[in-house]
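Here are my notes on this one, in the order I'd go through them with the viewer open. Have a look first, then read on.

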Amino acid sequence: MFTYLAITNSQDLVSLLQFPFMQRAIAGAVLMGILGGILGSFVTLRQLSFFSHAVSHAALVGVVLGVLLQINPTWMLLPFTLVFGVIVLYFIDKTDLASDSVLSIVLSGALALGVILTSLIKGYRGNLMAVLFGDILAIDTTDLILTLLVLLGSSIFLLSTLRSQILLTLNPDVAQVQGVPVQLYRYGFVVLLSLAVAVAIKAVGVLLVNAFLVIPASTAKLMSHHFSWFLILSVIVGSTSSIAGMIVSGMFNLASGPSIVLVQFLVFVAVFSWVKLGLKAA
């Protein structure tokens, strides 16, 4: 579903906050920005970008199943992405193949199945298009509650075990020797990552949700190599770029999901240029 709200440059954007759908959208943008910043920090450091990419694209199967069964796609996405993420990690652990090979195989199979199932949908496909391309203005109270729950779960899980999580990120073998429950933490993180992908899809769409996790964290990594600041900056970039993307979407009558990701990309390019120029100047 695309954003149909057009705002003239001369119009006071503050007046738009009177509308409940915009209030929900801003709240959702902030929550998803924080969630993406927290999880994205570990995704980039643990080189799980391709994993989240595979989960988000394979979610097409869950979306289509929801449409075919006439169930809210969000309720199909949550269990599907959760099970898919855990199964993929299990396959990676139990085979001698490289992780990117396993991800490519599973992603290709799931995506092919999703495309085939899409052909079975008759008539109006508006619900499917909304989840594929995203529209943060369409999120409802249920979406906000789900996002908040995933955010709270992620914050409690990662921040309460932060030292162990950092050690696991830097050197899993040393973490194992130090008594860190590596497998429990790995599967726990995959569960949270899969759920985060599911709740963010409605806002930015299946095709762009991975960028929502990776770009803000990558931008923050350019600005700081200290983990605490890296985490904080990732959250700030994620949330502020989401709000900025919504404003751009409304001003130019563009799709909200791509607008958010485009703003994140432009911020990344700007920070990258600034860092490179700063290094050259030094």
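1. Let's start with helix α12, which covers residues 256-281. Phe 268 and Phe 272 both sit in this helix, 4 residues apart, so about one helical turn separates them. Bear in mind throughout that this is a predicted model.

2. The two rings do pair up: Phe 268 and Phe 272 are stacked, with 6.3 Å from centre to centre and 20° between the planes. Are they buried or exposed? Neither label fits: Phe 268 is partly exposed because its relative accessible area is 26%, and Phe 272, at 39%, also counts as partly exposed.

3. Counting ring pairs across the model gives 6 aromatic pairs. One of them joins Phe 157 and Tyr 185: the ring centres are 5.7 Å apart and the planes are at 90°, so this pair is edge-to-face. It bridges distant parts of the chain, with Phe 157 in helix α6, Tyr 185 in helix α9 and the two positions 28 residues apart. Tyr 185 counts as buried because its relative accessibility is 12%, and the cut-off is under 20%.

4. Ring pairs also build a cluster, made up of Phe 42, Phe 189, Phe 227 and Phe 230.

5. Now the interior. The largest nonpolar core contains 68 residues, and Leu 39, Phe 51 and Ile 136 have the most contacts inside it. Which elements give two or more residues to this core? They are α1 (20-45), α2 (49-68), α3, α4 (99-118), α6 (141-159), α9 (182-204), α10 (209-223) and α11 (227-252). The largest share is from α9, with 13 residues.

6. Phe 51 is a good residue to click on. Leaving aside neighbours within four places in sequence, Phe 51 touches Gly 85, Val 88, Leu 89, Leu 103, Val 190 and Leu 193. There is also another core lying apart, with 5 residues that include Leu 168, Ala 175, Val 180 and Val 182.

7. Last, the outside. A nonpolar patch on the surface is formed by Leu 68, Leu 69, Ile 71, Trp 75 and Leu 120, and together they have about 470 Å² of accessible area. Trp 75 belongs to helix α3, which runs over residues 73-94. With 43% relative accessibility, Trp 75 counts as partly exposed, because that class lies between the buried limit of 20% and the exposed limit of 50%.

Definitions and conventions: Residues numbered from 1 in each chain as written. Predicted model: local features only at pLDDT ≥ 70, side-chain atom pairs only at ≥ 80, totals over all residues. Heavy atoms only, no water. Patch = residues over 30% accessible without salt bridge, like charges linked within 9 Å, V, L, I, M, F, W, Y side chains within 5 Å. Areas by Shrake-Rupley, 256 points an atom, 1.4 Å probe, with all protein chains shown as cover. Salt bridge = Lys/Arg side-chain N within 4 Å of Asp/Glu carboxyl O. Buried < 20%, exposed > 50% of the residue type's maximum accessible area, 1.4 Å probe, protein only. Core = buried A, V, L, I, M, F, W, Y, C linked by side-chain atoms within 4.5 Å. Contact = heavy atoms within 4.5 Å. Phe/Tyr/Trp six-rings, centres within 6.5 Å; stacked < 30°, edge-to-face > 60°.
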